[in-house]
Amino acid sequence: MTVVRHQALTVVAPVALGQEVQLDAWLRENKRALQRALSRSSTTHFARWVLLPPTPDEEGRPIGEQHLMAFETNFDGELQEHVADLRVALGSMLDSSFAGVEGYPGSEKLADLAQYFRDRSLRTAAYYIAHGGLSVPVIHGDATLRRAVEARLGELSQGAKVKDQNPLELAHELQRLALGLATNEGLTLGPIDRGLNLNPPGILTRVFWRPFGVLLAFVLAPFFEFRDELKRKQQPSFETPELRAKRDGIGLEEDRVDQNGLTHLVALKPGWYRPFALKMMVHIVTALADAGALTGRLGGIQTIHFARWVALPDRRLLFFSNYDGSWEAYLGEFVDKASLGLTMIWTNTIWYPKTRLLLFKGAKDEEAFKTWTRANQVPTQVWYSAYPTLSVGDVLKNAQIRELLGCKLDKPAAERLLALL
């Protein structure tokens, strides 16, 4: 089987003035239809349409005169094939979802559409994937296999104990069931090459790739953090009626399923230093993302499916995340297990909680961090998951079960299989 390449598409384009209200209304009204249509896509893991409004800089001046449309996906394969897949799955709704977006060529000609997406797509920074190399069909197939063998186990069980079969015999029976299912439904059995880098560069290695830049970022940090503390006296309130209404609206859209999507947009602090420091910190944090891809845990967190930062040309930083569980639990895990990585990047943005040396404090101030995150979170008009009931742990466990069901089983392997079930 060919190694599946996971990629991120982030199309960002201006919406014609006056068209943002109509586009927002259409996306919200057709959210369910778009989600159902995307379920026909064989390449799309997660997707969203979100309108990015003008947001204030440090002086309170709006950045941008127009709303921006951000359409993003996490997908399998190459861009041209993914765009073709989207075009078929979404049909006429693809054009309607881009109504009023400047320069959009329509979907009649695949080559023009793919070129538009390619030209408008922004580069991803610190891209994290929890289950790299597992395609959408494989993830669905793994879930089907697990349900089938668990159902068979239920038929054979008396209470919590399986009737009179030793582990190897039972595992072989389940294996025969899986083989028949795989043959009849075209599912994958056994190990697949996920194409993971088993020896990704560590943090120190990445630092030594750019030693002078990284050193300069840390040496200059105290001077700019002192400047930030003087400026902090002018920090606006995060408890305005407008922000409370936005926060409440976002909260009503969360926890509809077992997963959630976070869209976050905030301006960089002024001056040359912050874009430079951000670039150096992303360089380091990428090592954490690469290491986490091997285990499905980012800094010890096993609830994130895909996550990435995207730097907009107007000096704003966009963050997309697709995660399991509630917003509160997700942010709490960030604080407990990944505060250094978050602080290294977001400390370069306005009104982030007080930080020291680009690393310390910051997200450790849990209340301030959660308040800041909510204040800069953007309502997402449409969010889609190809497998909304599967956690990261489920996806990875199902893959282990599929590998064992497709291998020659001895007693230890049989016991491992049954333990996973």
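Is the crossing of H11 and H13 left-handed or right-handed? In this predicted model, the crossing turns out to be left-handed. Two packed helices are described by the angle between their axes and by the distance between those axes. Here, helix H11 covers residues 273-295 and helix H13 covers residues 339-346; they pack at an angle of about 155°, and their axes lie 8 Å apart. Angles over 145 degrees count as roughly antiparallel, so H11 and H13 are roughly antiparallel to each other.

What do the two helices use to touch? On the H11 side there are Leu278, Met281, Val282, Ile284, Val285 and Leu288, and these meet Gly341, Met344 and Ile345 of H13. Sorted by class, this contact of H11 with H13 has eight nonpolar residues, one polar residue and no charged ones. The polar one is Gly341, because Gly is counted among the polar residues.

Now for the strands. Four of them make up an open sheet, lined up as S6-S10-S11-S9, with antiparallel pairing. At the edges sit strand S6 (125-129) and strand S9 (259-267), each of which pairs on one side only. Going from one strand to the next, the twist averages 10°. Zooming in on one pair, S6 and strand S10 (residues 304-311) are joined in the antiparallel sense over three bridges. Take Ala125: its bridge partner in S10 is Trp309.

The sheet also has a helix packed on it, namely H12 (residues 327-337), which touches S9, S10 and strand S11 (316-324). The direction of H12 makes about 110° with that of S11.

Technical notes:
Residues are numbered from 1 along each chain as its sequence is written. This is a predicted model: local features need pLDDT of at least 70, side-chain atom pairs count only at pLDDT 80 or more; totals for chains, interfaces and linings use all residues. Side-chain values use heavy atoms; hydrogens and water are left out. Axes are lines fitted to C-alpha atoms, for helices over the stretch in contact, and angles run from 0 to 180 degrees between N-to-C directions. Helices (H or I, at least four residues) and strands (E, at least two) are DSSP runs, numbered from the N terminus. Angles under 35 degrees count as roughly parallel, over 145 as roughly antiparallel, 65 to 115 as roughly perpendicular and the rest as oblique. A crossing is left-handed if the near helix is turned anticlockwise from the far one by less than a right angle, and right-handed if clockwise. Contact means heavy atoms within 4.5 Å. Two strands pair if DSSP finds at least two bridges between them.
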